[in-house]
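Me: I have a model open and would like to understand the terms used for it. Could you walk me through the reasoning?

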Amino acid sequence: MNVDGKAYRTVWTDNEISSFSVKIIDQKKLPFFFEVKELFSVSDVIRAIADMHVRGAGCIGVTAAYGMWLAAKESRGDSIQLQSFADALMCSRPTATNLAWAVERQLSVLINADPADWTEIALKEAELIADEDANWCRSIGENGKELLLDIAKNKSDDQTVNILTHCNAGWLAFSDWGSATAPIYAAHRDGLPIHVWVDETRPLNQGSRLTAWELGQEGVPHTVIADNVGGHLMNIGKVDIVITGTDRTTRYGDVANKIGTYLKALAAHDNGIPFYVALPSSTFDWTASEGGLGIPIEERNQDEVRRIEGLSAAGELIGIELAMPCVTYANYAFDITPSRLVTGLITERGVCDASEKGVMELFPDKKQLCSS
Ligand code: MRU
């Protein structure tokens, strides 16, 4: 997608096998500063994922895939070392399933290959994973756009379609296009009048800092709202559809996503508003139990809630305290929305019911992966 008119992906290399570095857009600096950060080692990659310089299910998967390229080099043909880098990468964030999916995919192509070819093979595979992620998101856009066109067709008065989204499931959260934003970008480029309500998404404000920035760069009309406004907007008829992303989805259609998603789904259900979740197939956890039981919910540092970060009058990124130091906070980063509250899933293969039947009809080839 475009940044000041120039096309970017979120993760890339300069395509020289000898350079051995991975470039990322540093999400911690956005929207105030656009900076490209270079990662030179597996531990740089782990730190970038754990500290959220890159974040979002697809983006951390792609970053980890490139991390495995660096791991292939640093392992020097030692498969035990390679496995231990893979384990460390997989542990860098717990909830999004794309991370383990990408690392395991790299391991499966490397394990039977001649170690002399590891770096070349791992680079090719990382690029394949990044391209696939972008293409899948583009298809999600085409499939989801139809839902927005249908809503516009059935609107009698104001033709503008109002979409509410939570957190950032935009192109920054993938290698390109995004999941929840892909239908928005596709419809906007086709000239459909749309407007997006962007949940601010405390504590880290991925909505106001990342989604609003992205939509602004693409010229999509949007308004940032505090997280607790969505229910009221739905109640007064100002939301036509909710589209969110997901970090891990069961084959039964249950969705683990950024904390607060569940509350939006409840409000949408109560107001009869369609609640869709957009995802590439790499975000399915084919073995996860019904209801999402057992999906690890990341608990992050209390300081993320205690403090807030923003731009000072002097133009510096600063954090300030929001309460007295003695206050205790809890910082659950994700919640689970049960499938009964999800109207449908928008995938690269099409839109399906959030049910085992709906999902398996679209992905019959994944049956052998389903073990629970
Ligand atoms: O904690 P984060 O910012 O890494 O959370 C992940 C997310 O970006 C959201 O949950 C998003 O809606 C789904 S990821 C495509």
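Me: How far apart do the C-alpha centres of domain 1 and domain 2 lie?

Reply: In this predicted model, those centres lie 24 Å apart. The contact between the domains takes 31 residues from domain 1 and 36 residues from domain 2. Contact here means heavy atoms within 4.5 Å.

Me: What are the bounds of domain 1 and domain 2?

Reply: Domain 1 covers 2-131, and domain 2 covers 143-370. The shell around the ligand draws at least three residues from each of them.

Me: What makes the pair between Asp247 and the ligand a polar contact?

Reply: A polar side-chain atom of Asp247 lies 2.5 Å from an oxygen atom of the ligand. The cut-off for a pair of N or O atoms is 3.5 Å, so this pair qualifies. For Lys258, an N or O atom of the side chain is 2.6 Å from a ligand oxygen, and that is within 3.5 Å too. Asn168 uses a polar backbone atom instead, 3.0 Å from an oxygen of the ligand. The protein buries 99% of the 400 Å² that the ligand exposes when taken alone.

Me: Which residues come nearest to the ligand?

Reply: Of the 17 residues around the ligand, these are Arg55, Arg93, Gln206, Asp247 and Lys258. The shell divides into six nonpolar, seven polar and four charged residues.

Me: Why is the space taken by the ligand called a cavity?

Reply: A cavity is a space where a 1.4 Å probe fits but cannot get out, judged on the protein atoms alone. The ligand's space is the largest cavity.

Key. Residues numbered from 1 in each chain as written. Predicted model: local features only at pLDDT ≥ 70, side-chain atom pairs only at ≥ 80, totals over all residues. Heavy atoms only, no water. Near = heavy atom within 4 Å. Polar contact = N/O pair within 3.5 Å; in protein donor to acceptor, adjacent residues only side chain to side chain. Areas by Shrake-Rupley, 256 points an atom, 1.4 Å probe, with all protein chains shown as cover. 1 Å grid on protein atoms, 1.4 Å probe; cavity = no way out; pocket = protein on both sides within 12 Å on 5 of 7 lines; lining within 4 Å. Sits in = over half its atoms within 2 Å of the grid points. Nonpolar A, V, L, I, M, F, W, Y, C, P; charged D, E, K, R; others polar. Domains from an automatic or database assignment.
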